[in-house]
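Open your viewer, and have the selection tool ready. We will walk through one protein chain together, stop by stop.

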Amino acid sequence: MNNHIPVDLVPLGKIVKPHGILGEVKISLFNSKSETLRVGQSVWVGLDEKDYESYVIEKLNLQFEKSRLKFKNINDRNSAELLRNFTLSVCRDEFPEIIDEGFYLIDLIGFNAVDQTGQLVGKVLDIMDVIKVDDEVLETVERLAAQGLTNNQIAIAIGMSEAT
């Protein structure tokens, strides 16, 4: 594929499947509220961290769980099908500017992680997409924390309660 892959690529989502017969694809964004993608923008599409190809967005329709786009030079369903399950990424410097004191989670990678007392507990290595946790689990965590259990003890306790 492309030999000049930028080093600051950030995955935004996945190409789910073709949409229609004119080369559009359905996409699933990791952040459904993302405002990063725009018509005319070059994005990187790839199966893994080493093999990416650059495409330009020709058409974009962002709607919660129904987002679609069309790339220039992808003009039929067969070409779009070849992009199924590929990751859609952009360079970090193409993110919209942050207002006030906000930040992007991706920018936390490499920072030291400390507890409430300032004690170093580790380093942020990655950001994970966490599935929705129901209220019962949150109440259990809060109750166990109030009893003085550590995070590891709470994780074990919740794992044991789910197994029973």
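**Stop 1: strand β3 and its partners**

Begin by selecting residues 87-91, which make up strand β6: 3 bridges join this strand to β3, and the two run antiparallel. Strands here are DSSP runs (E, at least two residues), helices are DSSP runs too (H or I, at least four), and both are numbered from the N terminus. Two strands count as paired if DSSP finds at least two bridges between them. To see β6 and β3 side by side, colour valine 45 and leucine 88 in β6, which stand opposite each other.

Now look at the other pairing of β3. With β4 it is joined over 5 bridges, again in the antiparallel sense. Here the pair to colour is glycine 46 and tyrosine 52 in β4, which stand opposite each other.

Is strand β3 mostly covered or mostly open? Select residues 42-46 and switch on the surface: 4 of the 5 residues in β3 are buried. Buried means under 20% relative accessible area, exposed means over 50%, and partly exposed is in between, using a 1.4 Å probe and protein chains only.

**Before you go on**

This is a predicted model, where local features need pLDDT of at least 70 and side-chain atom pairs count only at pLDDT 80 or more, while totals for chains, interfaces and linings use all residues. Residues are numbered from 1 along each chain as its sequence is written, and side-chain values use heavy atoms, with hydrogens and water left out.

**Stop 2: the whole chain**

Zoom out. The protein chain has 3 helices and 8 strands, and along the sequence they follow the pattern β-β-β-β-β-α-β-β-β-α-α. Of its 164 residues, 24% count as buried. Contact means heavy atoms within 4.5 Å. Among the contacts in the chain with a separation of 6 or more, 52% are between residues 24 or more positions apart.

**Stop 3: salt bridges**

Side chains of opposite charge can pair when their charged atoms come close. A salt bridge is a side-chain nitrogen of Lys or Arg within 4 Å of a carboxyl oxygen of Asp or Glu. How many salt bridges does a search of the whole structure find? It finds 6, and we will visit some of them.

Select glutamate 24 and arginine 68, whose side chains meet in a salt bridge of 2.9 Å, N to O. Glutamate 24 lies in strand β2 (residues 24-29) and arginine 68 in strand β5, so this pair ties together parts that are 44 residues apart in sequence. Glutamate 24 is buried, with a relative accessible area of 10%. Add Lys59 to the selection: Glu24, Lys59 and Arg68 are linked in a network of salt bridges.

Next, select glutamate 58 and lysine 70, which form a salt bridge with their closest N and O atoms 3.4 Å apart. Glutamate 58 lies in strand β4 and lysine 70 in strand β5, so the pair ties together parts that are 12 residues apart in sequence. Glutamate 58 is partly exposed at 38% relative accessibility, whereas lysine 70 is buried at 7%.

One more pair: arginine 84 and glutamate 81 form a salt bridge, with the closest N and O atoms 2.6 Å apart. Arginine 84 is partly exposed at 32% relative accessibility, and glutamate 81 is partly exposed at 32%.

**Stop 4: leucine 60**

Go back to strand β4 and select leucine 60. This leucine is partly exposed, with a relative accessible area of 22%. Not counting residues up to four places away in sequence, leucine 60 touches Leu37, Arg38, Val39, Arg68 and Leu69. Try a distance label from leucine 60 to glutamate 24: they are 36 residues apart in sequence and 9.2 Å apart in space, C-alpha to C-alpha.

**Stop 5: serine 67**

Where does serine 67 lie? Look in the loop between β4 (52-61) and β5 (68-71). Serine 67 counts as buried, at 6% relative accessibility. Show its side chain: a polar atom there lies 2.8 Å from the backbone oxygen of glutamine 63. Leaving aside neighbours within four places in sequence, serine 67 is in contact with Val25, Lys26, Ile27, Asn61 and Leu62.

**Last stop: isoleucine 127**

Finish in the loop between β8 (120-123) and α2 (135-146), where you will find isoleucine 127. This isoleucine is partly exposed, with a relative accessible area of 31%.

How values were computed. Polar contact = N/O pair within 3.5 Å; in protein donor to acceptor, adjacent residues only side chain to side chain.
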